[in-house]
Amino acid sequence: MRFTTSAAALLLMTGMSGAAIAQDAPAMTESVQSASFAKDVWTYADPETARVSHVDLDLVTDFEGKQIYGTAVLDIAAQPGADHVVLDDNGLRIQSITDMDGGALPYTVGKVDEMLGAPLTVQLNGKDKIRIAYASAPGAEALQWLPKEATAGGEKPYLFSQGQPINNRSWIPTQDSPGIRQTWDARITVPKGLVAVMSGDKLTPDGVPTEDGRVSYRFRMNNAVPPYLIALAVGDLAFKSLGPNSGVYTEPALLDAAADEFQDVEKMIAAAEDLYGPYRWGRYDMLVLPPSFPYGGMENPTLTFLTPTIITGDRSNTDVVAHELAHSWSGNLVTNATWSDSWLNEGFTTYFENRIMEAVYGKDRAALYADLDYGTMLSDIAAAGGDDAPTTRLHGEPGATAGQLDYFKGSTFLRTIEQAVGRDRFDAYLRGYFDRFAFQPQTTAGFLADLRANLIEGDTVLEDSLKLDQWAYAPGLPDNAVHIHSATLAEVDKELAAFNAGGPVAAVDTGGWSTQQWMRFLRGIPKEQSTARLKEMDGGLNLSNNGNAYVRSAWYEIAIANRYEPAVPSLKQYLTSVGRMLLIRPLYQGLEDQGAWGHAIATDAFAEAKAGYHPMTAAMTERILAGPES
């Protein structure tokens, strides 16, 4: 996933927090009898007793009722003598649970926790396969139902899911933990005229008409995946091929622009395979979602979900595509066993993403991203309270890692190892690592043990110089951290220095600037500015009407800090048309920090925008507007 704050941290924004620190354990094997599971405090499942190995969904999308209903058949691998299985349930409306012969199986739904939902305990009665008939609730956290007016075409409704980290339990009754990998099949029935896509192999690309006038689509995922990677979208979708194994889905009105923006995806796939081995998921397709999608991207296997805000016409945000592609190895192939170790997904992927960008676009562009990431890492550590803050650890309590440290402290850790041992040696290690742990969960302790066994190999001098345990378990930033400096950003810094010294806007040469150069410039401007200076900036740099969503967000942060009234109309329009949390969270927070003036603007904008926001985005915004005591 590519966005500003970690998935776990976003749970904190929406009022969720982890209850304890998950303990490391060896990686899971396929056999329940020999498995040793890392403790995941965000699931009710007891996989050492009984675990879900396969999910078979037969579901209908009900746009009028805003629910998905049908059946889920679960294959259960249980210890001898195990009499029950515990699933995760968040608001599911259970109609019946039976064995495959129709015999009723007793079940109970336990006490509901605001974050985790409730345990769904099913008596097995000696069976290894169960059928659950159910429906999702209209407000299911994973699902966003968009009216036709909120789509690009304006003619047909839209549905999409977002499972990470623990949202899929609101529409799929299973064991919703990243360490409990499952294969799956699905038949999804949708209204005629809509297309269903999922994160698996498409068995019926054109759909099959049903007797009642609807259309069914079938999908399959034969690779065992963590359940948060089961994803669905339904809408007025068109497809354009980008190469022999890749293409893009989106609404017809956006198709050409999306295809042009992502033309380099086949080069990225080739670069990734050259680095760390074969792509093991068949096709790599992308789906550009409506603007309400809360993240930059989501690495659903075979079908990356992407925000339309990265389509800026200059391909300067294709790092998001590289990031989600890299997850096909780090995250999807080798997965953090619990959310205490999400840096194993995001830190590895951010490092890998940068290597793909270097291979496709050159060292200068890769350095630009790495330099920006390093600066963000330092800012996140400072904002968390400095080097002693426990939330700056990589391995720690799920949901507590500050800012983007899972991404950027994690990737800096790997870059530091690379520079210490040499790129060729580190690449060989990583390629072997992905092979050794393919389709398995991993923990921080497991990674460090493998690193010591297969890279350090008893070299005590190297071990001491790398400071592995300090990187993984201690707060702050070790003093051996490697910082890549960007010559491109150094030129932007010269422009910025002249501007901050009082130079005119007209003297700032923004010709050919990428999103990242714009962000470096705008984020380097002191927040306190005069009305005259703000007017000069807005007019001279075309900020309020800029077509780049990143640029507008950064500009509004400055405008809000100065209560610049001329920007308010376009700010409100922006907040009601963009749902990506990376871009709107700082704006709502900035408005709230401005007291009554900002709170009035924020509540007015949110009242209009809420119906079009994803449930996670709406919950985040409500928490901000409720104030620090909520």
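Hi everyone, this is a short walk through a few places in the structure above, which is a predicted model.

Let's start with helix H9, which covers residues 444-456. Which of its residues are buried? They are Thr444, Phe447, Leu448, Asp450, Leu451, Leu455 and Ile456. If you look down the axis of H9, these buried residues fall within an arc of 165°, so they line one face of the helix. And what covers them? The cover includes helices H5 (343-361), H7 (405-421) and H8 (423-436). It also includes strand S22 (440-442), helix H10 (460-466) and helix H11 (468-473). Right after H9 comes Glu457, and its phi is positive, near 50°.

Stay with Phe447 for a moment. Setting aside neighbours within four places in sequence, Phe447 is in contact with Trp343, Leu344, Phe348, Phe413, Leu414, Tyr429, Tyr433 and Gln442. Phe447 also turns up in the largest nonpolar core, which has 187 residues. It is listed there among the residues with the most contacts inside the core, together with Trp171, Phe262, Leu287, Ile417, Phe521 and Tyr588. Which element gives this core its largest share? That is helix H15, residues 549-561, with nine residues.

Phe521 brings us to a pair of helices. Two packed helices are described by the angle between their axes and by the distance between those axes. For helix H12 (residues 487-500) and helix H13 (residues 515-523), the angle is about 35° and the axes are 9 Å apart. The crossing of H12 and H13 is right-handed. On the H12 side, the residues that meet H13 are Thr488, Leu489, Val492, Asp493, Glu495, Leu496 and Phe499. On the H13 side, they are Gln516, Gln517, Arg520 and Phe521. By class, this contact has five nonpolar, three polar and three charged residues.

Now for some loops, beginning with Asn90. You will find Asn90 between strand S3 (84-89) and strand S4 (93-98). Is Asn90 buried or exposed? Its relative accessible area is 17%, and buried means under 20%, so Asn90 counts as buried. Not counting residues up to four places away in sequence, Asn90 touches Gly117, Glu141, Arg169 and Ser170.

Asn125 is in the loop between strand S6 (118-123) and strand S7 (129-135). Its phi is near 50°, a positive value in a residue other than glycine.

Lys467 sits in the loop between H10 and H11, two of the helices that help cover H9. Phi of Lys467 is near 55°, again positive in a residue other than glycine. Lys467 has 27% relative accessibility, so it counts as partly exposed.

There is also a cis peptide bond to point out. It runs from Gln164 to Pro165, with omega near 0°. Pro165 belongs to the loop between strand S9 (158-161) and strand S10 (182-190).

Last stop: Gly598, in helix H18, residues 596-609. How much of Gly598 is accessible? Its relative accessible area is 0%, so Gly598 is buried. To get a feel for distances, take Gly598 and Gly103: they are 495 residues apart in sequence and 59 Å apart in space, going from C-alpha to C-alpha.

Thanks for listening, everyone!

Technical notes: Residues are numbered from 1 along each chain as its sequence is written. This is a predicted model: local features need pLDDT of at least 70, side-chain atom pairs count only at pLDDT 80 or more; totals for chains, interfaces and linings use all residues. Side-chain values use heavy atoms; hydrogens and water are left out. Buried means under 20% relative accessible area, exposed over 50%, partly exposed in between (1.4 Å probe, protein chains only). Helices (H or I, at least four residues) and strands (E, at least two) are DSSP runs, numbered from the N terminus. The arc is that of the directions from the helix axis to the C-beta atoms. Contact means heavy atoms within 4.5 Å. A nonpolar core is a set of buried Ala, Val, Leu, Ile, Met, Phe, Trp, Tyr and Cys residues joined through side-chain atoms within 4.5 Å. Axes are lines fitted to C-alpha atoms, for helices over the stretch in contact, and angles run from 0 to 180 degrees between N-to-C directions. A crossing is left-handed if the near helix is turned anticlockwise from the far one by less than a right angle, and right-handed if clockwise. Ala, Val, Leu, Ile, Met, Phe, Trp, Tyr, Cys and Pro count as nonpolar, Asp, Glu, Lys and Arg as charged, and the others, Gly among them, as polar.
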